[in-house]
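These are my notebook entries on a single structure, written in the order in which I looked things up. I begin with one charged residue and work outward.

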Amino acid sequence: MSSSSVTNSSAAEETLRAQIFQRLHPRVYLERFIAENIRPDGRTFDEWRNVSVNVGSISTADGSALVRMGDTTIVCGVKAEIAEPELDRPEQGFLVPNIDLPAICSPKFKPGPPTEEAQVLSDRLNEALVASGALSLSSLCIHPGKAVWTLYVDCTCINYDGNAFDAALLAMLGALRSTTLPKATYNEETGHTTCSRKTRSPVPLTRNFSSASFGVLDTSHVLSDPTAFEEPLMDVTLTVIVDDRGELISTTKSGGAISEEMLLRCIDRAKERVLKLTD
């Protein structure tokens, strides 16, 4: 057997042992990397994965976007339908965000009804869109009390490798920015709404913003943009949403407590990240 074959065989065995150790002792495996000031995928603690956004990727949707954040891939489509407004909000339309985490995107998800994680993510995405005030629901009004637009903003995760919230929010905003609506007219005599096939106008988004998520390990190590391997090992997860002017919109934390100094550091990192994304 040649020396190169022996070397390749030894490298393969070493890789296999590392994979087994990672599966059996994930926390210890991660901590050994952290002790060397590096992460398992080779990134530094404050390094983000590469992001690409492709808008208008679904021709059958009113707006769409495909986002890749590292190995996390999410596609989003917007479909517009006409509906009656609520009685107490006669001039407001509806924005209905949703995300699906199918079994095909990761072994951690099983076939069947939406997982609790998907439902929580959908709620968080809805809160983020509402809190930002980026889309005025009154701009979706066709005729007060009679007809409004409902925008269904549906995301599907094609490949899951952590930080689905940031990727999904980016996909939703990209899809909404590419959305155009036909000119709609309500006829009071017939009670019907007709749409023009020729005249379309963009959805008026009034604010440019994005999110940045972090994981905290052992109360001292802050990891930007955690992967699917890192996420369940974090003691605290934090998401910061800011706009392109650096104005803080919201922060969401789960897990234990973090210091005010660490929170402010994450907010500063988030501002830098969002400025790059929105540019």
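**Entry 1: R49 and its partner.** I looked up R49 and found it buried, with a relative accessible area of 8%. The model is a predicted one. I then asked which residue forms a salt bridge with R49. The partner is D225, and the closest N and O atoms of the two are 2.9 Å apart. This pair links distant parts of the chain, since R49 is in the loop between α2 and β1 while D225 is in the loop between β10 and β11, 176 residues apart. D225 also counts as buried, at 0% relative accessibility.

**Entry 2: Backbone of D225.** I checked the backbone of D225 as well and noted a phi near 50°, a positive value in a residue other than glycine. For context, most residues other than glycine have a negative phi.

**Entry 3: R39 and E230.** I looked for a further charged pair between these loops. The side chains of R39 and E230 meet in a salt bridge, with a distance of 2.8 Å from N to O. R39 lies in the loop between α2 and β1, and E230 lies in the loop between β10 and β11, 191 residues apart. Both R39 and E230 are buried.

**Entry 4: R245 and E247.** I turned next to the pair formed by R245 and E247, a salt bridge whose closest N and O atoms are 3.8 Å apart. R245 counts as exposed at 65% relative accessibility, whereas E247 is partly exposed, with a relative accessible area of 41%.

**Entry 5: The network.** I asked which residues are joined into one network by salt bridges that share partners. They are R39, D41, R43, R49, D161, D225 and E230. For the whole structure, my search gave 17 salt bridges.

**Entry 6: R273, buried without a salt bridge.** I looked up R273, which is placed in helix α5, residues 260-278. R273 is buried yet has no salt bridge. The nearest side chain of opposite charge is that of D225, 4.8 Å away; the cut-off for a salt bridge is 4 Å. I also listed the contacts of R273, leaving aside neighbours within four places in sequence, and obtained W48, R49, V51, M69 and A212. R49 in that list is the residue that forms a salt bridge with D225.

**Entry 7: N37.** I found another positive phi at N37, about 60°, although N37 is not a glycine. N37 lies in the loop between α2 (26-35) and β1 (51-55). Is N37 buried or exposed? N37 is exposed, with a relative accessible area of 54%, whereas D225 counts as buried.

**Entry 8: Cysteines.** I searched the whole structure for disulfides and found zero. The sulfur of C76 is 3.5 Å from the closest cysteine sulfur, in C155, which is too far for a bond. The cut-off that I applied to a pair of cysteine sulfur atoms is 2.5 Å. C76 is buried, with a relative accessible area of 0%. C105 is in no disulfide either, and the nearest cysteine sulfur, that of C157, is 4.0 Å away. C105 is buried too, with a relative accessible area of 4%.

**Entry 9: A four-stranded sheet.** I asked in what order the strands of the open four-stranded sheet run. The order is β10-β9-β11-β12, with antiparallel pairing. Its edge strands are β10 (221-224) and β12 (248-255), each of which pairs on one side only. Neighbouring strands of this sheet are turned by 20° against each other on average, direction ignored. I then examined strand β11 (residues 236-243), which seven bridges join to β12 in an antiparallel arrangement. One entry from that pairing is L238, whose bridge partner in β12 is K253. Helix α4 (residues 164-177) lies across β9 (209-217) and β11, running at about 175° to β9.

**Entry 10: L87.** I closed with L87, which is placed in the loop between β3 (72-83) and β4 (94-100). L87 is exposed, with a relative accessible area of 87%. I checked its separation from G145, 58 residues apart along the chain, and found 7.0 Å between the C-alpha atoms.

Methods
Residues are numbered from 1 along each chain as its sequence is written. This is a predicted model: local features need pLDDT of at least 70, side-chain atom pairs count only at pLDDT 80 or more; totals for chains, interfaces and linings use all residues. Side-chain values use heavy atoms; hydrogens and water are left out. Two strands pair if DSSP finds at least two bridges between them. Helices (H or I, at least four residues) and strands (E, at least two) are DSSP runs, numbered from the N terminus. Axes are lines fitted to C-alpha atoms, for helices over the stretch in contact, and angles run from 0 to 180 degrees between N-to-C directions. Contact means heavy atoms within 4.5 Å. Buried means under 20% relative accessible area, exposed over 50%, partly exposed in between (1.4 Å probe, protein chains only). Lys and Arg count as positive and Asp and Glu as negative; His and the chain ends are not counted.
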